[in-house]
Amino acid sequence: AFLLDAELAHLDVPELHVDTAAFERAGLAAPTAAAMQRAAEARAVAEAAELARARVQNRATLRRLLGLSQHAELDCVPPPADHLVQPLNDDAALLRRPDLALAWRRFRTADGEFRQAVAEQYPSIFVGPEFAFRGSMWESMAMLRVPLFAGGAARAAGERREAARAMLEDAWLEAQAAARDADASLQAARAVAAATEAALAASREGFAAARAALAVEPIAFARFAEASSAVVRDTMEHRQARVALVRAEVRRALAYGWPLTEGAR
């Protein structure tokens, strides 16, 4: 919410208004060009309203997250540039995710209870070594089995251990899928944001040139109307792309365990 607030604060909408009716009366604006210019101005008004709505909605979300009244005044200080850390794309980062850490601890608890139950019933049986949480962990963790003819306590503990192992494996697979999707989404969001930024820069230059020409060239209104349409369209697309990029960045960082990760890129 803080990152999005800071992003929205940097966005604006260009001023497109001209006295289109005066150009029409002077015979310098064709009906099609005049209609195009009015439509562009209406879209600019709508874009300004949408930008304001996005800011208000984000502040409302922040108030809810902070447990504040919707009437509470907020003064959002932008976070430092290094606040959001993108963890390295590796399994070690994934393993620090809170959901995986919790699933792993639940498995370790169930595993310890199982070993204790077996030891209490069968003191002479050695139930495997401790296995690290690494690449072939599923096969290793699946190797432990309740001894043949085990009693109820050991068998029940083994069932609980197997359930915890299955939950841990499911959490791991889900985390991997979420991380891959977040990586792809961030890459796409960055590409779209770069494209819209370049397009907006070009259309702003074109609009500035068209506005300058409007003051000195009698037939420049049609060009100005086209430039107005282009710049407001690119402004809208750029806002959407920047908002999507902020969300993709946060989503990707969270998918890899931020803010509990150490390595970053």
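How many nonpolar, polar and charged residues does the lining of the largest pocket have? In this predicted model, the count comes to 15 nonpolar, 4 polar and 4 charged residues. The space inside that pocket is about 450 Å³. It is lined by 23 residues, and those closest to the centre are Ala1, Phe2, Leu4, Asn58 and Val246. Helices H1, H3 and H8 each chip in with at least two residues of this lining. H3 gives the most, with 9 residues.

Next comes the second largest pocket, with a volume of about 200 Å³. Here 13 residues make up the lining, and Leu3, Glu7, Leu84, Val246 and Glu249 sit closest to the centre. The elements that hand over two or more residues are H1 and H8, and H8 gives the most, with 4 residues. Sorted by class, this lining splits into 9 nonpolar, 1 polar and 3 charged residues. Val246 is worth a second look: it is among the residues closest to the centre of the largest pocket, and it is also among those closest to the centre of the second largest one.

Glu7 ties into this picture too. Is this residue of helix H1 (residues 2-9) buried or exposed? Glu7 counts as buried because its relative accessibility is 14%, and the cut-off for buried is under 20%. Leaving out residues up to four places away in sequence, Glu7 touches Arg242 and Val246. So Val246 turns up once more, this time as a contact of Glu7.

Now for the nonpolar cores. In soluble globular proteins, nonpolar side chains tend to be buried together. The largest nonpolar core in the model has 19 residues, and Leu16, Phe207, Leu214, Phe221 and Phe224 are the ones with the most contacts inside it. Helices H3 (31-66), H7 (152-214) and H8 (221-255) are the elements that give two or more residues to this core. H8 gives the most, with 6 residues. Apart from this core lies another one, of 16 residues, including Phe107, Ala171, Trp172 and Ala175.

Back in the largest core, what is Leu16 in contact with, leaving aside its neighbours within four places in sequence? The list runs to Gln37, Ala40, Glu41, Ala44, Phe207, Arg211, Phe224, Ser228, Val231 and Val232. Two of these names, Phe207 and Phe224, are also among the residues with the most contacts inside the core.

How values were computed: Residues numbered from 1 in each chain as written. Predicted model: local features only at pLDDT ≥ 70, side-chain atom pairs only at ≥ 80, totals over all residues. Heavy atoms only, no water. Core = buried A, V, L, I, M, F, W, Y, C linked by side-chain atoms within 4.5 Å. Buried < 20%, exposed > 50% of the residue type's maximum accessible area, 1.4 Å probe, protein only. Contact = heavy atoms within 4.5 Å. 1 Å grid on protein atoms, 1.4 Å probe; cavity = no way out; pocket = protein on both sides within 12 Å on 5 of 7 lines; lining within 4 Å. Points joined across faces, edges and corners; volume = space filled by probe spheres on them. Nonpolar A, V, L, I, M, F, W, Y, C, P; charged D, E, K, R; others polar.
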